Amino acid sequence: MAEARLAVAFRLQVNDDGNLEVNLDRTLVYHVLLSVVYSAVKRVTYTRNVILRTIYPGSVWTLLALLLAFYVAQHLTPDQLILSVWKSYVPGLSYLPEAVQGPTAALLLGASVWTVAVLIQRYALLLMLSYKGFLYVPHGKSPLHIRAWFFLVRMLEGPITPTMYTYQSTLPCLPLPSVRGTCERYLKSVRHLVSTERYKELEKMAGEFQGGLGARIQRYLWLWWLCNKNYVSNWWIKYVYLRGRSPIMINSNYYILDLVAKHTTCQAARASQVINIVARYKDKLDNELIDPIMIRDTIPLCMDQYKRTFGTTRRPGHEEDSLVHVPASQSQHVVIMRHGRFYELPLKWNGRLLTPPELEERVQHILDEDHLDQDVPVSHLHLPAMTGVKRKTWAEFRETHMLTNRNNAHALERIDSAAFIVVLDDGEPEIIGEKLSEFGHQGLHGSGCSRWFDKSIVFTVYTNARFHITAEHAWADAPVVAHVSEVIYTNEQKMQLQGNCYDADGHAIGEKSAPLRPPQRLHWEFNAAAGKVIETALVDARKLIADLDLFILDHNSFGKDGIKKCRTSPDAFIQMALQLAYYRDIGHFSLTYEASMTRLYCKGRTETVRPGTVESSAFVHAMLDASTTADKRRALLNRAVEVHQDNYRNAMAGKGADRHLFTMYVVSQYLKEKSPFLDAVLGEPWRLSTSQTPESQTKQSIFLLRKGPGEFYSPGGGFGPVADDGYGVSYILSNDRIFFHISSKHSAPVTSSQRFAENIQRAMSEVRALCDTKAAPSKPQ
């Protein structure tokens, strides 16, 4: 870009006398120089952060201090002792001039000592972070050995200001469990789900597996574990996500809804603020200026997933998709979609980010142009539907009708390399009340042709300025996208409190000096055959949409604060209520999935917690048995909560069963070995899949500034059902309310999302009533 500006700023021409004249546009030269300065500052900042995280836990200052100490010591020691000793290890020193031999030896020795000390400190910190005993300490208690451990970790981390990837080199590898331990945990988790005869069969299969194929698989898996920082993640992305051939719309993607708070009603203004806030966040992320997520301000979480937040696309393939991430320098634009039309909008002008008013002007231009160009074939406007059908169909279409056409290939490249996509959609969705579920539907799938599902993040802004996020799942899990939404909520609300977000008319506030350059329209060229494929894809996508049964429950009787008064873990409380609600809804127990993060380890993603246990089933039966006393029910609830919390802690500590079983199955497929035990384990459907969306992850979160109930809160987000005859449940806890996003399929005769929501509401009230007595439940997590 700087080269292009220089070409305009400097003009050469020959006058009538044959002399060369240079015409200089001072304004443009100023902007060129300003752009160069911006770029240089960013490059220096990025380089500095790379150096700091490379040498961590050492620092430049400790290195300089040690070099100076050894340099002084070289002159103070008799007979230049350092030089005489170091010569025997570095023969090349004798070839240097005598005047520099001593200083060189001192500096080499100082650098060597510093390097060894840093490596020792780094390894010591890694060993300390491998300890996960702090997870098992009850909330509010801090034994002496845990306090000592925290103190040592802080000492080893040093008095530095960490950057985004500072701690990556000190995070331990995900531990490889024993085959026996994994089989025991699995068998314990299904005991309440199967008959005695079936359980004995599973025990026999597990025993044969441990003593035979399982031991051989474990040896191969151990070698894989030695060669990788995380023995699960690469295979998890490859086989769970990228190898899937079914549509990613509804089946894989997820959504996060807008904040319930006051804001403008101007669509262009809200879109401009979202773009500007996210662009500023992207700039910080590109320069590694995002603070790492820490537990208790001490224990770092892996930040590896954040690398692919922007400029990432899931590219379809015949047998396997691929995640394509472009460098930050190539993703300095966004693509805006409006009624199937695509526009490329640069994020910067003269090296700086466009301000909200400048962005609003460009977004409004797209909205004003909407009535023009009505002769475009309808199939062209329905192209995004291709990203919502079977992956092989999309891959074939892409190869046949897009990559072979220069114009189409260029437009596709601009979409793939965009930082993110913004959709300007019609409608005025409500974020509270009965129509909230409709908003959730729009977040998950839109109209079937109004979202580009391959993109890592898609922001949709509606006519009434409400927005939501639709995210592809392969590149990262929900907490990373929730972090982006939290950044938007926090920055926008703080600017509104300061009075520099929207003016009285609802337009964005800020400087507007960049000249209006309308966003560039991306055009497509398709023949009749391609148009037919697109229309067929839209029909298929809308069949999937029609089968989705999504209901959002706003449980406003009590929230996180109310559960904490019961002195129990909020997550365990909800999971027990879900078990009770599911049994009442379906009439039996099913395999239940809850996602737990494993980001305490390098490149960690998730592990499965199995909330359905022998203890939880005993509690549910007691709740449904009128003859059971309240004291007995409370005792069973206490025990079920304790078991659930232990299972959750084990999953976070890398002691879960499901990811180990999954990787053993992968190895068995590579070895072309059949395992009845692994087939039985991996063939069981998750008919109740649950996940919690974090409300607050950063110290700057707007939710930490909440002064009273209902001031502002996030309704969270949701996902589609995992099993055809099952439920998908996502929940988010605020201080005074809990949102449940419940999905299922209309084609399943046994499920109904609204009915399940009613059962959840009832179960939550029953469990709360059980807790509201003098006999308090177990200690919180």
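**Confidence**

I started with the confidence of this predicted model. In the protein chain, helix H1 (residues 2-9) comes out lowest, with a mean pLDDT of 42, while strand S12 (residues 421-424) is highest at 98. For the protein chain I noted a mean of 89, with 90% of its residues at 70 or more. Then I looked at the weak stretches. Residues 1-10 have pLDDT below 50, and beyond near neighbours in sequence I find 15 contacts for this stretch in the model. Residues 774-781 are below 50 too, with 30 contacts beyond near neighbours in sequence. Low pLDDT means the predicted coordinates should not be read in detail, and I left those contacts alone.

**The eight-stranded sheet**

Next I traced the strand order. I get an open sheet of eight strands, S15-S9-S8-S12-S13-S14-S3-S20, and the pairing is mixed. Which strands stand at the edges? They are S15 (520-522) and S20 (717-719); each has a single partner strand, so one side of each has no neighbour in the sheet. From one strand to the next I read an average twist of 25°.

At the S15 end I checked the pairing with strand S9 (residues 341-346), which is antiparallel and has three bridges. Within that pairing, Glu344 has Gln520 in S15 as its bridge partner.

I also looked for a helix packed on the sheet. Helix H17 (residues 478-498) lies across S3 (254-257), S13 (457-461) and S14 (467-471), and it runs at about 25° to S3.

**Asp258 and its two arginines**

I moved on to charges and counted 38 salt bridges in the structure. Asp258 caught my eye, since I met it in a salt bridge with Arg270, where the closest N and O atoms are 2.9 Å apart. Asp258 is in the loop between S3 and helix H11 (267-286), and Arg270 is in helix H11, 12 residues apart. Asp258 also meets Arg466 in a salt bridge, at 3.3 Å from N to O. Arg466 sits in the loop between S13 and S14, so this pair ties together parts that are 208 residues apart in sequence.

Are these side chains buried or exposed? Arg466 and Asp258 are both buried. I wrote down 0% relative accessible area for Asp258. Arg270 is buried as well, at 1%.

While in H11 I had a look at Gln267, which lies in that helix. Gln267 is buried at 9% relative accessible area. Leaving aside neighbours within four places in sequence, I list its contacts as Arg338, Leu367, Leu424, Asp425, Val461, Tyr462, Thr463 and Ala465.

**More salt bridges**

Asp585 and Arg755 form another one, at 2.8 Å from N to O. Asp585 is in helix H20 (residues 570-586) and Arg755 in helix H25 (residues 753-771), so the bridge ties together parts that are 170 residues apart in sequence. The two ends differ in burial class: Asp585 is buried at 11% relative accessible area, whereas Arg755 is partly exposed at 31%. I also found one network, joined by salt bridges that share partners, made up of Arg245, Arg314, Asp321, Arg391, Asp454 and Glu472.

**Strand S19**

How many of the residues in S19 (residues 688-692) are buried? Four of its five are, and I put the strand down as mostly covered. I then checked its partners. Strand S17 (residues 592-597) runs parallel to S19, joined by three bridges, and Thr592 has Leu688 in S19 as its bridge partner. Strand S21 (residues 727-733) is also parallel to S19, with five bridges; there I see Thr690 opposite Val729.

**Backbone oddities**

Last, I went through the backbone angles. The Tyr56 to Pro57 peptide bond is cis, with omega near 10°. Pro57 falls in the loop between helix H2 (26-55) and helix H3 (60-76).

Asn350 has a positive phi, near 55°, without being a glycine. I place Asn350 in the loop between strand S10 (348-349) and strand S11 (352-353), and it is buried at 5% relative accessible area. Lys672 is another non-glycine with positive phi, about 60°. Lys672 is in the loop between helix H23 (658-671) and helix H24 (676-682), and I noted it as exposed at 76%.

Terms used:
Residues are numbered from 1 along each chain as its sequence is written. This is a predicted model: local features need pLDDT of at least 70, side-chain atom pairs count only at pLDDT 80 or more; totals for chains, interfaces and linings use all residues. Side-chain values use heavy atoms; hydrogens and water are left out. Two strands pair if DSSP finds at least two bridges between them. Axes are lines fitted to C-alpha atoms, for helices over the stretch in contact, and angles run from 0 to 180 degrees between N-to-C directions. Contact means heavy atoms within 4.5 Å. pLDDT is the predictor's confidence in each residue, from 0 to 100. A salt bridge is a side-chain nitrogen of Lys or Arg within 4 Å of a carboxyl oxygen of Asp or Glu. Buried means under 20% relative accessible area, exposed over 50%, partly exposed in between (1.4 Å probe, protein chains only).
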